[in-house]
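Trainee: Hey, I've just opened this one and don't know my way around yet. Can you walk me through it?

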Amino acid sequence: MLKIKLLLGKELCDSVAEELTASGHIITEDADFILTENRNYPDLIIGKRDGEIFRLKLADITHIESLGHDIIAHCGGREYKLSERLIRLQNLLNPEDFLRISNSVIVNVHCIQSIKPALSARFILTLSDGCRVDVTRSYYYIFKDFFKI
């Protein structure tokens with residue numbers, strides 16, 4: 001018996017969940033095993049805040065950052081703790097919508113309001129919620145290529 005988290009398209013999710021449950025497996029959000037589809041990106045992720053669990057629309061998330069051992073999603077002016085590691089989130093999110101800009105931040109490219117060049121091959125981004133985040137030197141050229149600047 002395995003605990004499995006499903007990150008599948010709507011068409012496939014129900015049938016796979018039914019089949020796995022019938023086989024004695026448990027479908028849960030806190031599983032060690034994750035079943036995903038190639039090139040199928042989720043619309044929602046699960047976040048926790050004050051002991052409550054929330055379904056967060058990815059389109060509403062401005063950025064996701066790693067603070068120590070915590071992964072925080074910034075959504076609607078609030079912060080939600082995520083259970084996934086940042087590298088795993090980077091692989092789950094649609095690369096047309098989310099871009100890694102430093103070792104600790106992934107940004108929703110649709111929420112970038114302004115890009116300000118800074119010293120030492122860096123950019124400072126202002127997001128739609130007013131937050132400012134840095135594109136570090138390691139990600140500078142990736143960022144430039146993405147936006148063709």
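**A first tour**

Mentor: Sure. Let's start with an open sheet of three strands, in the order β2-β1-β3, where the pairing is parallel. Keep in mind that this is a predicted model.

Trainee: OK, which strands stand at the edges there?

Mentor: β2 (26-27) and β3 (33-36) do, and each has a single partner strand, so one side of each is left without a neighbour in the sheet.

Trainee: And how many bridges are there between β1 and β3?

Mentor: Four, with the two strands running in the parallel sense. If you want a spot to click on, try Ile4: its bridge partner in β3 is Phe33.

Trainee: Nice. What holds strands together like that, in general?

Mentor: Strands of a sheet pair through backbone hydrogen bonds, and that can be parallel or antiparallel.

Trainee: So where do I find antiparallel pairing here?

Mentor: Look at another open sheet of three strands, ordered β11-β12-β13. Its edge strands are β11 (112-118) and β13 (132-135), each pairing on one side only. On average, neighbouring strands in this sheet are turned by 25° against each other, ignoring direction.

Trainee: What about β12, how does that pair with β13?

Mentor: Strand β12, residues 122-127, pairs with β13 in the antiparallel sense, over four bridges. Phe123 is a handy marker, as it stands opposite Val135 in β13.

Trainee: Which helix packs on that sheet?

Mentor: Helix α3, residues 140-147, and it touches β11, β12 and β13. The direction of α3 makes about 60° with that of β12.

Trainee: Switching topic: how many aromatic pairs are there?

Mentor: The count comes to six. One of them is Phe123 with Tyr140, a stacked pair at 4.9 Å centre to centre with 15° between the planes.

Trainee: Why does that pair tie together separate parts of the sequence?

Mentor: Phe123 lies in strand β12 and Tyr140 in helix α3, so the pair links parts that are 17 residues apart in sequence.

Trainee: Anything odd in the backbone around there?

Mentor: Two residues to look at. Ser120, in the loop between β11 and β12, has a positive phi of about 60° although it is not a glycine. Then there's Lys148, in the segment after α3; its phi is near 55°, again a positive value in a residue other than glycine.

Trainee: Got it. Now pockets: what volume does the largest one have?

Mentor: About 830 Å³. It is lined by 30 residues, and the closest to its centre are Leu6, Leu7, Glu29, Leu44 and Ile46.

Trainee: Which elements give two or more residues to that lining?

Mentor: β1 (3-7), α1 (10-22), β4 (44-49), β5 (52-57), β8 (78-82) and α2 (86-92). The largest share comes from β4, with five residues.

Trainee: And by class, what's the lining of the largest pocket like?

Mentor: There are 15 nonpolar residues, ten charged and five polar. To see it for yourself, find Leu44 and Ile46, which are among the residues closest to the centre of the largest pocket, and look around from there.

Definitions and conventions
Residues numbered from 1 in each chain as written. Predicted model: local features only at pLDDT ≥ 70, side-chain atom pairs only at ≥ 80, totals over all residues. Heavy atoms only, no water. Pairing = 2+ DSSP bridges. Axes fitted to C-alpha atoms, helices over the stretch in contact; angles between N-to-C directions. Contact = heavy atoms within 4.5 Å. 1 Å grid on protein atoms, 1.4 Å probe; cavity = no way out; pocket = protein on both sides within 12 Å on 5 of 7 lines; lining within 4 Å. Points joined across faces, edges and corners; volume = space filled by probe spheres on them. Nonpolar A, V, L, I, M, F, W, Y, C, P; charged D, E, K, R; others polar. Phe/Tyr/Trp six-rings, centres within 6.5 Å; stacked < 30°, edge-to-face > 60°.
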